[in-house]
Amino acid sequence: MPSVFITSVELMRTFPLGLFARFGGCLFVERRSPAGLKREIGEIEQVLSAGTSVVLFPEGTRRSEAADVGEFKAGIAHLVERQPGLAVVPCWLANMGRTLPKGELVPVPFICRVSLGAPLQPSGSRAEILATLEHCDGDKKKAADGLKISRNTLYNRLNEYKAA
């Protein structure tokens, strides 16, 4: 399935990564400008409507290897609210902070890992969506706790989404 990465305009201006990102077809967002959010969310919706997967990093920045998962920005919740039934596949990258430390241009040879969680179809308020995505790590107990519902209710909702 074709995919488009969402990244910051700061990366676009960074040589050589910005050059690679432009040639790779990335969409660039000005993450510090709420005024452009509506337009940028619209562009991302067009990509999704065309059947292209979107890859974004909801924390909005790279984190050091030792850091825990940071607070998610609201962009992903906007997409979920505006695209009911949108499947979200949580994924996380391990060892990236050591492979390409902030401020470095040349990667260091380390083994990195990409992990994929189970697809989710979060719903509810923006806060509920973000809580589910931030804390689940593919763990349904954590997702249910984040939504303040029972695991049984969560399983029933997930089964309803699958049936729809």
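Which residues does Glu45 touch, not counting residues up to four places away in sequence? Keep that question in mind as you open the model, which is predicted.

**Stop 1: Glu45.** Select helix H3, residues 37-49, and find Glu45 in it. Now show its neighbours. Leaving aside residues up to four places away in sequence, Glu45 touches Leu79, Arg82 and Gln83. Zoom in on Arg82. A polar contact of 2.8 Å joins its side chain to that of Glu45. Is Glu45 buried or exposed? Glu45 counts as buried because its relative accessibility is 13%, and the cut-off for buried is under 20%.

**Stop 2: Pro16.** Next, select Pro16. Look for it in the loop between helix H1 (9-12) and helix H2 (17-23). Turn to the bond that leads into Pro16 from Phe15. This peptide bond is cis, with omega near 0°. Most peptide bonds are trans.

**Stop 3: Phe5 and its patch.** Move to strand S1, residues 3-8, and select Phe5. Phe5 is partly exposed, since its relative accessible area is 39% and partly exposed covers the range between under 20% and over 50%. Now add Phe57, Val89, Leu93, Met96, Val114 and Leu116 to the selection. With Phe5, they form a nonpolar patch on the surface. Together these residues have about 660 Å² of accessible area.

**Stop 4: Thr132.** Finish in helix H6, residues 126-136, where Thr132 is found. Thr132 counts as buried because its relative accessibility is 5%. Select Ala143 too. Thr132 and Ala143 are 11 residues apart along the chain. Check the distance between their C-alpha atoms: the separation is 5.0 Å.

Terms used
Residues numbered from 1 in each chain as written. Predicted model: local features only at pLDDT ≥ 70, side-chain atom pairs only at ≥ 80, totals over all residues. Heavy atoms only, no water. Patch = residues over 30% accessible without salt bridge, like charges linked within 9 Å, V, L, I, M, F, W, Y side chains within 5 Å. Areas by Shrake-Rupley, 256 points an atom, 1.4 Å probe, with all protein chains shown as cover. Salt bridge = Lys/Arg side-chain N within 4 Å of Asp/Glu carboxyl O. Helix = DSSP H or I, 4+ residues; strand = E, 2+ residues; numbered from the N terminus. Buried < 20%, exposed > 50% of the residue type's maximum accessible area, 1.4 Å probe, protein only. Polar contact = N/O pair within 3.5 Å; in protein donor to acceptor, adjacent residues only side chain to side chain. Contact = heavy atoms within 4.5 Å.
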